[in-house]
Amino acid sequence: MSTETLQHQDQNQHRVTWTEDYQQRVNPELMTRLLRTAIPVLESSDWRIEEVDEGYCQSILPLNSPTTNQHGTHQAALISLSADYTGGLALATLLRGIPLAGVHRCDADESASLWLAGMNVKYRSPSSGHLIGVCRIDAKTAESIQSRYFSGNRVLATLEVNFYSNGDLVAVAEMKYFAQPTMQLTPTPGSKTHSALFSHKLKASARMIAGLRGRTSQNSRITVRSAESDLIAGPHGQLLANRLQSVLPQLTDMVLARTQHIDETLDGFVGVRQVVMLGAGLDMRSLKHAAVRPDVTFFEIDLPSMIAERKRVAAVLQHECEDRRVLLEADFRSDDLQELLNSHPRFDPELPTMFIYEGCSMYFSEQENRQMMDVVRKLMQNPMSCLWVDFVSLDVASGKTNNRNVAAFLDGMEELGEKFIFGVDDPGSWLTVSGLGLVETTRCGDYLCESDMVFNTYSFAVAKVW
Ligand SMILES: C[S@@+](CC[C@H](N)C(=O)[O-])C[C@H]1O[C@@H](n2cnc3c(N)ncnc32)[C@H](O)[C@@H]1O
C-alpha cells in the first residue's frame, strides 16, 4: 500500500470522532441491516446487533424455529456464526472511519478487509433462551490492533466472544481474525502470486458472468446457447448470477446479447486467423470456435490466478483443440502487452486478428483503457483486423443513474469488489482518439429491440484502424 493511502487511512482515524463513526459506520441498526443483506442466513435467523461501542459488540441470536435443533435449543453451528460476526464487529469498531470491504459501499483504496482465520468454540451447556453474544476487547489489545492497522501492518487478533442464555454462560468462542487494508490484497505490479482473497474476488466476478451466460432469455433475438456455462460457473457463479439478476432483471439479456454479438462478429470475419481475448475470464468460447476453425489460433490473456482457473475449467470440458489455444499470463496494469504478444512465436500482428476486450473496460480507469487501445491499435497491422469492446454509459460508471435497479446492481458489484469506474456515452468518438476509426457502435437495447432504456446504457463497438 502506498504511503499516501496509509496516511489517508490514518488521517481518517483522527478526523472522524467516535460519535460520528458510530452514526455513520457501525451503529447497531445500520450494521444489522448491512450484514443481513450480505449474509442472508443472518436475516432468516433474525440475528441482530444490540449494542456497539469502541472495542465492544453485543448481539442476539433469537431462539426461534430457524435457529433451533430437534431439542429446541440453538444449533451449535449458528452459535459459531454469531460469534464470527459479533467478534468481527467488535474488531471493526477499532478501525475508526474505515469502511469494511463487502459490507459498506467503498473503494478498495479506503477500505479494510476482515476475515476469520480460525475459531475454537467451547459449548458448555445447551442454549434454551435467546442467545446474547458479547465481545469486549481490552484496552491494551485494542491499542495494539489500532497501532498495527494504522501503521500499515496486517493485524492478527484473537478475541473472546461469550454467549449467555437465560443469564448462564453457555458457550465461549476464541476467534482469530485477520484485518488488513484492502489495497494490500491487490497484487503489486509485476507480482505473479495473488492473495487468496484477491483471487477469490476475481473468480467470483468471472464465474458470475459465466452463470449469467448459462441462463435463458425470453427475448426472441437471443439464440445463443452456452450449453456448458453452468459447469463453468459452478454453484458459486450460479448463485451470484441469480443474486445480481434479481436486482437487475435486464442483466441476463445484456450478457447474452454481448456474447451473441461477439459470436456474430467473429462469424462475419472471413479470413480471421487469430483471436486475442483480453481479460478472458471464464469466457470459454475459444473451445467452441476452435473446434470449427482449424486455422485460427486463440490467445487467452488474463491475470495468473485467472489463467490457472481457466486451465482447471478447460480440463473438465470436452474439447480437442488444445493445440490452438495459447494461454498467457499478464497484468494489464504493469506488463507490456505489446511486447508479450509480439515476442510470442505463434503471434503475428500482420495476420487478420480479432481482439476481444469484453466486460473489462468498466473496471479500468480511462488512462488504463486508453493505454489498452493504443496497444491494440499497434498490434492491428492487418487492415482486416478489428477490436470488439463494450462500454457502459457515463451515468452508470459515475453512479449517477436514476434507475433504482441499476443502482442496486452497481452496489452489488461493489460488494463483490468489482466497482464500475469507467464509461463513455459516445464510443465512436472515444475510440477515434486512439486511432481506431471505422467504428460500428450498437446499443444493447437496439440490438435486442427492447424499448427499456436500461438496455441502452450499454453499448458494443467494433473498430478497425483508420
Ligand atoms: C468481468 S471479467 C470479464 C471476463 C470475460 N471477458 C467475460 O466476459 O466473461 C474481467 C476480467 O478482467 C480480468 N482482469 C482484471 N484485472 C486485470 C488486470 N490487471 N490484468 C489482466 N486482466 C485483468 C479479470 O481477471 C477478469 O477475468
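These are my notebook entries on a predicted model, taken topic by topic.

**Entry 1: domains**

I began with how the chain is divided. Domain 1 covers 3–185, and domain 2 covers 196–465. I looked up the distance between their centres, taken over C-alpha atoms, and found 37 Å. For the contact between the two, I noted 9 residues of domain 1 and 7 residues of domain 2. On the side of domain 1 that touches domain 2, I listed 5 nonpolar, 2 polar and 2 charged residues.

**Entry 2: the sheet of 6 strands**

Next I traced an open sheet of 6 strands. I wrote down its order as E1-E2-E4-E5-E6-E3, and the pairing is antiparallel. Which strands are at the edges? They are E1 (48–53) and E3 (112–123), each of which pairs on one side only. On average, neighbouring strands here are turned by 20 degrees against each other, direction ignored.

I then followed each edge strand to its partner. E1 is joined to E2 (residues 56–61) by 5 bridges, and the two run antiparallel. Within that pair, Val52 has Cys57 in E2 as its bridge partner. E1 and E2 make a hairpin with 2 residues between them. In the turn I checked Gly55, which has a positive phi of about 75 degrees.

At the other edge, 11 bridges connect E3 with E6 (residues 168–181), again antiparallel. One position I marked there is Val121, which stands opposite Ala173 in E6.

A general note for myself: strands of a sheet pair through backbone hydrogen bonds, in either a parallel or an antiparallel way.

**Entry 3: the sheet of 7 strands**

I moved on to an open sheet of 7 strands with the order E9-E8-E7-E10-E11-E13-E12 and mixed pairing. Its edge strands are E9 (325–329) and E12 (436–443), each paired on one side only. The average turn between neighbouring strands of this sheet is 20 degrees, direction ignored.

For a parallel pair I looked at E10 (residues 353–357) and E11 (residues 386–392), which are joined by 4 bridges. Tyr357 stands opposite Val389 in E11.

Which helices lie across these strands? I found H9 (residues 251–267) lying across E7 (274–278), E10, E11, E12 and E13 (458–465). H9 runs at about 20 degrees to E13. I also found H10 (residues 285–292), which lies across E7, E8 (297–302) and E9. The angle between H10 and E8 is about 170 degrees.

**Entry 4: around the ligand**

I counted 19 residues around the ligand. Those that come nearest are Gly279, Gly281, Asp283, Phe332 and Gly359. Which element gives the largest share of the shell? Helix H7 (residues 196–213) does, with 4 residues. By class, I recorded the shell as 10 nonpolar, 4 polar and 5 charged residues.

**Entry 5: Ser229**

Last, I picked a single residue, Ser229, which is found in helix H8 (residues 229–247). Is Ser229 buried or exposed? I counted 23 C-beta neighbours inside 10 Å. The cut-off for buried is 20 or more, so Ser229 counts as buried.

Leaving out residues up to four places away in sequence, I found that Ser229 touches Ala210, Arg213 and Gly214. I also looked up the separation between Ser229 and Leu114, which are 115 residues apart along the chain. Their C-alpha atoms are separated by 32 Å.

How values were computed:
Residues are numbered from 1 along each chain as its sequence is written. This is a predicted model: local features need pLDDT of at least 70, side-chain atom pairs count only at pLDDT 80 or more; totals for chains, interfaces and linings use all residues. Two strands pair if DSSP finds at least two bridges between them. Axes are lines fitted to C-alpha atoms, for helices over the stretch in contact, and angles run from 0 to 180 degrees between N-to-C directions. Domain bounds come from an automatic or database domain assignment. Ala, Val, Leu, Ile, Met, Phe, Trp, Tyr, Cys and Pro count as nonpolar, Asp, Glu, Lys and Arg as charged, and the others, Gly among them, as polar. A residue is near a molecule or strand if its C-beta atom, placed from the backbone, lies within 6 Å of it. A residue is buried if 20 or more other C-beta atoms lie within 10 Å of its own, exposed if 12 or fewer, and partly exposed in between; C-beta atoms are placed from the backbone.
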